[in-house]
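Here is a short tour for anyone meeting this structure for the first time. Have a look at the sequence and the model, then read on.

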Amino acid sequence: MRLNSLLAHGAIGTALAAALAGGLAFAAPATAAAATTTKPGDMVTLSVGSGQLVRLTSPMSDLFVADDKIADVQVRSPNQLYIFAKAPGETSVYATSKGGQVVYSATVRVGANITNVDSMLRLAMPEAAITATPMNGSMLLTGTVARPSDVEEAQSLVQAFVGKDVTVMNRLRTATPMQVNLQVRIAEVSRDFAKQIGVNLITRDTTSGFQFGIAQGRDFGALGGKGTLGLGAGNTNLGFAGKLFGLDVASALDLAEKDGFITTLAEPNLTALSGETASFLAGGEIPIPISQALGTISIEYKQYGVSLSFTPTVLADGRISMRVRPEVSQLSTAGSVTLQGFTIPGITTRRAETTVELGSGQSFMIGGLLSNNHNNSTDKAPGLGDLPILGALFRSNKFQRSETELMIVVTPYLVKPVSASAIRLPTDGYKAPTDFERVLGGQSFSGESGARRPQPTLAPPIAVPPGAVAAAPAARASSGDAAPGFSFK
């Protein structure tokens, strides 16, 4: 049966292939040739019930369809064939010429509403770049979306479009930045308030007779010596001296009040990649001597200052889960010790360590402290200090109150790199003063606030005439012209 008669009746490609094989005769080659294999060169993606017309560059003689239940072929002319999809799946189509050359080969993938899925995704999510590919009765989604929430939304749209019988495999990537900048604010207000009252009384008899004295709160000193009535540094002293019953009498009333107010504010910032740990320290290290065997001493260093360590994890919905550990510490005389002539200062530390989850730009107070301590103590002589009026001479009262309020707030941001010119530094516009400005003008710095710092610029390119490529390096070296590259102006 000839190709023209099959074309006239519009036969199916599988019948055409059988007829061509039976009606055409080929001469057997004199010598056997090595076997070769040819893989499909094109990829055709169709929805069930749709088709595609293929125009060939040379006439075909034989046609082969691997599985005509998935896709079949109709032939209208030796240079045209029409592929139409019948059921979900994947098959192959080959067309060869009379000489045995492959004029067309393709892998045909058939899915449910595959072309309509692409159109629907472009309409529903125009900012995304999503490709839907059918694979063995399933649908594979590849590409990128703008936000992490779009990943689940795209899968829901495709699943609803193709039906529950088709499995949707989601391999979409998000274009959301995976780098997190953490801003931590540590604010503390501390106040110490103390009051102290002490009574001191001493007598002197120049005849070596009877003497007595009362002292509360401090060492009174020797009567008649320098500063007898003004002892007690840091206190307010009311002193009285005179003669009573032939005795020299001196008395002092010590009044002390201390009011201290301290504020601390630290705002460390740190950027890290999702899943990686980043740390930050602005402070120093103090040496701590440690006794070893045979009287030797080794030194170990202890860090202090403002430190921050955190590990962020960007979740699928754009939220950020992070393990964060901020700390503010400073040297203090409270708690210091002296060891073998070395004075080791104490360290006051405010630290928090926790795991939180929140969105970009949202804030969370991860730590807080409100402390209010009162201490009231009285030193008195037994029995005498309980007398109604005279008992005040035998009592010393001390009142102390400490109030502290501390807050630690964290705020993460999803960030992307920016141009270097968009970043402003604290040193922008600063210049060292000249001798004239420093000596005569008394200036410790110069420059203009907010001015732009020097930026690297591209040097102008050098045109090299044809035929002078080999001599170009030597010519540039001799002429002294700047080569293409970076320079500061």
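Let's start with the inside. The largest nonpolar core takes in 23 residues, and L182 and F310 have the most contacts within it. Several strands feed this core with at least two residues each, namely β11, β15, β17, β18, β20 and β22. Here is where those strands sit in the sequence.

| Strand supplying at least two core residues | Residues |
|---|---|
| β11 | 179-204 |
| β15 | 269-273 |
| β17 | 297-314 |
| β18 | 320-339 |
| β20 | 354-358 |
| β22 | 395-415 |

Keep in mind that this is a predicted model.

What is L182 in contact with, leaving aside its neighbours within four places in sequence? Its partners there are P268, N269, L270, L308, F310, M322, V324, V410, T411 and P412. So F310, which shares with L182 the most contacts inside the core, also turns up on the list of L182's own partners. As a rule, nonpolar side chains in soluble globular proteins tend to be buried together. There is also another core, lying apart from the one around L182; it has 21 residues, including V54, M60, L63 and V108.

Now for a helix. α4 runs over residues 149-162, and at 1.5 Å a residue its 14 residues should span 20 Å; the C-alpha atoms at its ends are 21 Å apart, which agrees. Which residues of α4 are buried? They are D150, V151, A154, V158 and V162. These five cover an arc of only 110 degrees around the axis, so they are on the same side of α4. The general background is that an α-helix has 3.6 residues a turn, so residues three or four places apart point the same way. Just after α4 comes G163, with a positive phi near 95 degrees.

Next, a small piece of sheet. Three strands form an open sheet in the order β2-β5-β4, with antiparallel pairing. β2 (51-55) and β4 (71-77) are at the edges with a single partner strand each, so each has one side without a neighbour in the sheet. From one strand to the next, the twist averages 20 degrees. β4 pairs with β5 (residues 80-85) over six bridges in the antiparallel sense, and V73 stands opposite I83 of β5.

Finally, step back to the whole protein. It has six helices and 26 strands, and buried residues make up 31% of its 489 residues. Of the contacts between residues at least 6 apart in sequence, 61% join residues at least 24 apart.

Conventions: Residues numbered from 1 in each chain as written. Predicted model: local features only at pLDDT ≥ 70, side-chain atom pairs only at ≥ 80, totals over all residues. Heavy atoms only, no water. Core = buried A, V, L, I, M, F, W, Y, C linked by side-chain atoms within 4.5 Å. Buried < 20%, exposed > 50% of the residue type's maximum accessible area, 1.4 Å probe, protein only. Helix = DSSP H or I, 4+ residues; strand = E, 2+ residues; numbered from the N terminus. Contact = heavy atoms within 4.5 Å. Expected span 1.5 Å × (residues − 1). Arc of directions from axis to C-beta. Pairing = 2+ DSSP bridges. Axes fitted to C-alpha atoms, helices over the stretch in contact; angles between N-to-C directions.
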